[in-house]
Amino acid sequence: MGLEGVEYKVSYRKVKYPRLEFKGGGLLLILPFGHDPEVFLEKHRDWIVKKTEFINECLRDSLGKEIAQRTEEEFRDIVYFIVERTSRELGVKVNNIFFRRMRTKWASCSPKRNLTINSLMKHLPEGLIEYIIFHEIAHLIEKRHNENFWSIILNRFNNYKELEKDLFGFWFLIQRSQKTALNSAGQTRSVAEDFTSSLKGIG
Ligand SMILES: [Zn+2]
């Protein structure tokens, strides 16, 4: 039996294990040849329902929002300023800041204390840029997403769950705006995967 209200497509590929992806709010099942989609759907029903609800909620919330337009310079100034202030606040030093386009996360922090910022972050409201940077720098104190980590975050952002959700919605908006920009430039290649399938989080 299928899942009511959840649309899905099936793609049979030469893969070893079945896999689920969300594309544009719809579900894509990637299956090895010979697998029955219904069996797989049934097995992961709870996860699919939960994930679908979360995505729909994020999409609904993102509808009224607009993405920010900044120059590269304005954006970098904001980032440098926030990194400086946050590293002082948390008492940890960041070595370098790199900017590049990333496909699956907003930012990351390496053991060498280098911060990598997804250049797409320039379209976010400042409050969310601040949250991402704080989150990354907090990882220099606590690597893992454990209790200790979230208590550092909670200390400063007691609404972080809300912010994480906002980020998800903005990911979708930004990816869509990138695609639109590309298409109007006459290119057909899609640079960005749909947010739902590719976004793993902040990092
Ligand atoms: Zn993290």
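Alanine 107 has isoleucine 117, a residue of strand S6, as its bridge partner, and in this predicted model isoleucine 117 of S6 is also the bridge partner of phenylalanine 99. These two pairings belong to an open sheet of 3 strands, whose order is S4-S6-S5 and whose pairing is mixed. Because S4 and S5 stand at the edges, each with a single partner strand, one side of each is left without a neighbour in the sheet. Neighbouring strands of this sheet are turned against each other by 15° on average, with direction ignored.

The table sets out how the strands are joined.

| Strands joined | Bridges | Direction |
|---|---|---|
| S4 (residues 96–100) and S6 (residues 114–118) | 5 bridges | parallel |
| S5 and S6 | 3 bridges | antiparallel |

As a general point, strands of a sheet pair through backbone hydrogen bonds, and they may do so either parallel or antiparallel.

How many of the 5 residues of strand S4 are buried? The count is 0, and the strand is accordingly described as hardly covered. Helix H3, which spans residues 72–90, nevertheless lies across S4 and S6, and the helix runs at about 145° to S4.

A careful reader will also look at the confidence of the prediction. The protein chain has a mean pLDDT of 84, and 83% of its residues reach 70 or more. Over residues 186–198, however, pLDDT stays under 50, although the model has 25 contacts beyond four places in sequence for this stretch. Where pLDDT is low, the predicted coordinates should not be read in detail.

Key: Residues numbered from 1 in each chain as written. Predicted model: local features only at pLDDT ≥ 70, side-chain atom pairs only at ≥ 80, totals over all residues. Buried ≥ 20, exposed ≤ 12 C-beta atoms within 10 Å, placed from the backbone. Helix = DSSP H or I, 4+ residues; strand = E, 2+ residues; numbered from the N terminus. Pairing = 2+ DSSP bridges. pLDDT = per-residue confidence, 0-100. Contact = placed C-beta atoms within 7 Å. Axes fitted to C-alpha atoms, helices over the stretch in contact; angles between N-to-C directions.
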